[in-house]
Amino acid sequence: MTRFVGLTGGIGAGKSEALAAFERFGAATLSTDRVAHDLLDDEEVRNALVDRWGEEVASRGGVDRERVSEIVFNDRDELAWLESVTHPRVGAHVLEWRQGLANEVPLAVVEVPLLFEAAMEDAFDATVAIVAADELRDARLRERGQGGLAGREARQLDQAEKERRADHVIRNDATLEELESEVRKVIKELTAKESG
């Protein structure tokens, strides 16, 4: 039976890199951020956004993601509306993906940035939090052109709380090799629980 694992962590902690490491070591993986991003290309979602915010969010048949971000970043009501459109679709996609996994897949890992905030931990057999020092997370965000941590964590639990709630914690303060080593340890623990 496949172990179903929720992966979360603070902004800039390295969730995506950890997810990629899980995949390199044989886990089936899915990023809900990627699913949500791709959903903006869905015609039904695009039409809902245009109905709500006007043609200014449409660009060459698609959605102007930058404009959508500007609208929702500082307006909780608009963000809540967007999430009401996308979250059920993301959930349906995750369920369909999970149901489509082969029985011999030992581990399925889904990256859910707001896993604890959305009270989704019970949907998973186990949870893993990726954590890193604030200075390092801030530097990573700046390298990506995302302006650092200030103001970006308002909707998230702090890292210490995510660390406290998670079944497994991976510190990502060092090299990719060290991250991979930690991921391998967690995979071993998760698969041992299944076979033991």
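Is Gln 99 buried or exposed? Select Gln 99 to start: it is exposed, with a relative accessible area of 60%. Here buried stands for under 20% relative accessible area, exposed for over 50%, and partly exposed for what lies in between, using a 1.4 Å probe and protein chains only.

Before moving on, know that this is a predicted model, in which local features need pLDDT of at least 70, side-chain atom pairs count only at pLDDT 80 or more, and totals for chains, interfaces and linings use all residues. Residues are numbered from 1 along each chain as its sequence is written, and side-chain values use heavy atoms, with hydrogens and water left out.

**Stop 1: around Gln 99**

Gln 99 is found in helix α5, residues 76–99. Helices (H or I, at least four residues) and strands (E, at least two) are DSSP runs, numbered from the N terminus. Now add Ala 36, which is 63 residues away from Gln 99 along the chain; the two C-alpha atoms are separated by 19 Å.

**Stop 2: the whole chain**

Zoom out. The protein chain has eight helices and seven strands. Its radius of gyration is 18 Å, close to the 16 Å that the globule rule gives for 196 residues, so the chain is as compact as a globular protein of that length. That radius is taken over C-alpha atoms, and the globule rule is 2.2 Å times the number of residues to the power 0.38. Along the principal axes, the C-alpha trace spans about 55 × 40 × 25 Å. Of the 196 residues, 45% count as buried.

**Stop 3: helix α1**

Select residues 15–24, which form helix α1. Lys 15, Ala 18, Leu 19, Ala 21 and Phe 22 are buried there. They cover an arc of only 160° around the axis, which puts them on the same side of α1. The arc is that of the directions from the helix axis to the C-beta atoms. Step just past α1 to Gly 26, which takes a positive phi of about 100°.

**Stop 4: strands β2 and β5**

Next, select residues 28–31, strand β2. Which of its faces are covered? Both are: Ala 28 and Leu 30 on one side, and Thr 29 and Ser 31 on the other, are all buried. β2 pairs with β5 in the parallel sense over four bridges; two strands pair if DSSP finds at least two bridges between them. To see one of these bridges, show Ser 31 with its partner in β5, Glu 111.

**Stop 5: strands β6 and β7**

Move to strand β7, residues 168–171. His 168 and Ile 170 point to one face and are buried, while Val 169 and Arg 171 point to the other and are not. Strand β6 (residues 126–131) runs parallel to β7, and four bridges join them. Val 128 has His 168 as its bridge partner in β7.

**Stop 6: the cores**

Keep Ile 170 selected and show what surrounds it. Leaving out residues up to four places away in sequence, Ile 170 touches Phe 22, Val 128, Ala 129, Ile 130, Val 131, Leu 179, Glu 182, Val 183 and Val 186. A contact here means heavy atoms within 4.5 Å.

Ile 170 is also among the residues with the most contacts inside the largest nonpolar core, together with Leu 7, Phe 22, Leu 107 and Val 109; this core has 20 residues. A nonpolar core is a set of buried Ala, Val, Leu, Ile, Met, Phe, Trp, Tyr and Cys residues joined through side-chain atoms within 4.5 Å. β1 (3–9), α1, β5 (107–111), β6 and α8 (176–195) each supply at least two residues of this core. Its largest share, five residues, comes from α8. For a second, separate core of 18 residues, pick out Leu 30, Val 35, Val 90 and Leu 101, which are included in it.

**Stop 7: the loop at Ala 119**

Find Ala 119 in the loop between β5 and β6. Ala 119 is exposed, with a relative accessible area of 58%. Ala 119 has a positive phi of about 55° although it is not a glycine. Most residues other than glycine have a negative phi.

**Stop 8: helix α6**

Finish at helix α6, residues 134–143, where Leu 141 has its place. Leu 141 is buried, with a relative accessible area of 0%. Add Gly 12: its C-alpha atom and that of Leu 141 are separated by 5.8 Å, though the residues are 129 apart along the chain.

The buried residues of α6 are Arg 137, Arg 140 and Leu 141. Seen down the axis of α6, they fall within an arc of 100°, so they line one face of the helix. These buried residues pack against α7 (159–165). Turn to the other side of α6, where Glu 135, Arg 142 and Glu 143 are exposed.
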